[in-house]
Amino acid sequence: MNKNNYVEEVFVARETDAICYAQRLVAFESVTPSDGGSHQWLRERLEAMGASVEECNRNGVSNLIACIDKGEGMNLAFCGHTDVVPAGNMQKWSFAPFSATLHNGYLYGRGVADMKGAIAAALDALAYWAEDDAVTGKFWMLITSDEEGEAEFGSREIINLLRSRGVTLDYCIVGEPTADRYSGDLIKIGRRGSVSMDIDLYGKSGHVAYPEQGVNAVHKMSQVVAQLAAIDWQDETAEFNGTSLQVTYINSGCWTDNVIPEKTSISLNVRYAPTTDEALITEKVTQVIREIWPHFELKSYRSCVPYHSVSVPLQHRSLIGAAAESIRETVGIECQYSTSGGTSDGRFFQEISHQVIELGLPNKTIHQENERVAVTEIENLAKIYKQLFSKLTHI
């Protein structure tokens, strides 16, 4: 039996739409920036629900914008990505990473947790919302294939297009895998920002037996690293951990055991709270280096701004509060709130929505071989989404 036939048989065997949808999506080999055919399948499902669907594709990245319009009311969006990281070491997988295998109550496959399972749960919930006469407003499903990569032509392009049309979102739910043990036990209400930097520091080569004739770039850079690590950013808040700086790479060029190195390069990454910004980080890093040695070059890249869901106008319902209620009412969990972890596309959607949260599946196996999620967690997430979508748009 070939893989495709096997997957088809498993699809037919499932009764729950959310699980069937998850298997379908996992089976698409959609390594960044490819959608692997998943967006065409999504388009067909969404159009069958009555959505208008358009594509906003840029530089090999597929972006899907779907909207079900049920008249005047709130603009509610579910945002996600179909792209996944590479499968990794194939020998460590118990099942083929894109076979969408069900085993002992778990669905295995690359991307099932991050985050095709959440898209499947949202799709299941949206089918109920589309047929519910007691809800109103517009429901947007915004899907990209460039979240795991550079994210230059994914959600950023979606936001640019929507903003050019004057679209704002009252509520934005990002389906990132935020849960710890059970779907709904943790909601992300923001993320720290991130910026990477490369530093090249220039000394003077010489013979190691005559150190006075040279300037050891490694020694100078060691002082720089020590001082950078010692910076007290003083920006920790009740909602956010303080800024942290980590050196991720160091290189002193071609090695010879009797030559003083004339150049040393390091790379570093800074994760920062909203009370800090990239300009201040650059200023502090530059000051530290300059006080130790004036001959250097500094380059910044991969800038990701922080975001934090803020207080809401009186005419709006709190998305955070509604999510907590929906979780309690459907799965009986009192959720926790967090801003931990890496960056997410929530930083883009904050530009057109003050209320952005991340609510998804357990994240214990994301980006690992044998990525998997318990079937019950996908089904429970679908229940949470159904309740939340209705609660936010109920007439």
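Let me start at strand 2, where Leu 64 has Glu 55 standing opposite, and I should say at once that this is a predicted model, so everything I describe is computed from predicted coordinates. That pairing belongs to a longer contact, in which strand 1, residues 52-55, runs antiparallel to strand 2, residues 63-70, with four bridges between them.

Strand 2 also pairs with strand 6, which covers residues 137-144, and here the two strands are again antiparallel, joined by eight bridges. Within that pairing, Asn 63 stands opposite Thr 144 of strand 6. As for how covered strand 2 is, six of its eight residues are buried, meaning that each of those has under 20% relative accessible area.

Thr 144 brings me to my second topic, the cavity, because by the definition used here a lining residue has an atom within 4 Å of a cavity point, and Thr 144 is among the residues that line the largest cavity. The structure holds one cavity of 30 Å³ or more, and the volume of the largest cavity is about 30 Å³.

Which residues line the largest cavity, besides Thr 144? They are Cys 79, Gly 80, His 81, Glu 147, Ser 155, Val 174, Glu 176, Asp 345 and Phe 349. Strand 3, residues 75-81, contributes the largest share of this lining, with three residues. If we sort the lining by character, we find three nonpolar residues, four polar ones and three charged ones.

So, to go back over the path I took, strand 2 pairs with strand 6 over eight bridges, Thr 144 in strand 6 stands opposite Asn 63, and Thr 144 also lines the largest cavity.

Note on methods: Residues are numbered from 1 along each chain as its sequence is written. This is a predicted model: local features need pLDDT of at least 70, side-chain atom pairs count only at pLDDT 80 or more; totals for chains, interfaces and linings use all residues. Side-chain values use heavy atoms; hydrogens and water are left out. On a 1 Å grid over the protein atoms alone, a cavity is a set of points where a 1.4 Å probe fits but cannot get out, and a pocket is an open set with protein on both sides within 12 Å along at least five of seven lines; lining residues have an atom within 4 Å of a point. Grid points are joined across faces, edges and corners, and a volume is the space filled by probe spheres set on the points. Ala, Val, Leu, Ile, Met, Phe, Trp, Tyr, Cys and Pro count as nonpolar, Asp, Glu, Lys and Arg as charged, and the others, Gly among them, as polar. Buried means under 20% relative accessible area, exposed over 50%, partly exposed in between (1.4 Å probe, protein chains only). Two strands pair if DSSP finds at least two bridges between them.
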